[in-house]
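Welcome! Let us work through a few short exercises together, one step at a time.

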Amino acid sequence: MNYKYNELDYAEFIYKNGFQSPNHMPAELRLTAIYMRRILGYKPKKLKEEFEKWCMLHIPDYNKASYYKMINKAVNQAVKKGSSLIKLDSISVYKNEIEFIQRCSIFDEKHMQYQYSDLCRKLMFTFMVQLKINQAVSEIKNTDKALNNSLFFQGSQKKYSTLKKMAALPDKIKINEDLIYYLYLSGLITPLHNGLICIEFMRDIYSLDNSAHLPEIIIEDFERTGLYFDYYNKEKNIRLCEYCKKPYKKKSNNQKYCSECAAIVNVEKQKQRDLKKS
């Protein structure tokens, strides 16, 4: 499971089971300390005592001198006003938002190769969902950045790679040269500096009134955002997994589950076979 937007469940799991990745110990210490402070309700003094006990139990080579700075930093972050754990289960997308994206004119779309106009719209959909995520996270953290961040995507090479995967774009597509360039020529986005982009079309998206409408798509797996768009548009070989009910790309006619769920289903079936034999 991807815990990027579900820190609460991840922190609870770490608290009960110990560290999940030695390479991410500082981050996992921070999450655990916040969990003990905000969910278990420890006051600052008691938090430090209980957190040190927890570390002694879960760090094999623990000694106070070696881990003092790391532990102290985690506790300070936990007691800081406004510290919280993110739990974002889904993002709602409405029909008029999708229709707006589908109506947008993409520069020279008649002469584009490899269905670039369709891929541009799928990237627009992904930008929209990502900005909705950013805004929701800011609101959960109770910061004043929600409005300021709602039009901007701060990209780095890693973030653009993540965005490309999130949008389910073909490997051979170069997200900057092939798609962002056309969206810029279409007046839908404005590149600024150091990978920062102003997503201009979101001004119109935010002005739409959805108060009287139910969501058309509820995205529960942000890493499959582009596949949700494909499924809505009835793209070939995009199906809903019979186990998790999320979209996936079908590779064979008899495939019923996405790859992640197929492994789970196989384990469950094996357990049932073993029970019958016993």
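What percentage of the 278 residues in the protein is buried? Before solving this, note that the model is predicted, that local features need pLDDT of at least 70, that side-chain atom pairs count only at pLDDT 80 or more, and that totals for chains, interfaces and linings use all residues. Residues are numbered from 1 along each chain as its sequence is written, and side-chain values use heavy atoms, with hydrogens and water left out.

**Solution.** Buried means under 20% relative accessible area (1.4 Å probe, protein chains only). Buried residues come to 42% of the 278.

**Exercise 2.** Find the buried residues of helix α9 (residues 175-185) and say what covers them.

**Solution.** Start with the helix itself: helices are DSSP runs of H or I with at least four residues, strands are runs of E with at least two, and both are numbered from the N terminus. Ile175, Asp178, Leu179, Ile180 and Leu183 are buried in α9. They lie on the same side of α9, because they cover an arc of only 150 degrees around the axis, taken from the directions from the helix axis to the C-beta atoms. Their cover includes α6 (116-140), α8 (157-166) and β4 (196-198).

**Exercise 3.** Work out which strands stand at the edges of the sheet β2-β4-β3.

**Solution.** Two strands pair if DSSP finds at least two bridges between them. The sheet is open, has three strands and pairs them antiparallel in the order β2-β4-β3. β2 (152-154) and β3 (190-191) each have a single partner strand, so they stand at the edges. Between β2 and β4 there are three bridges, and Phe153 stands opposite Ile197 in β4.

Note on methods: Buried < 20%, exposed > 50% of the residue type's maximum accessible area, 1.4 Å probe, protein only. Contact = heavy atoms within 4.5 Å.
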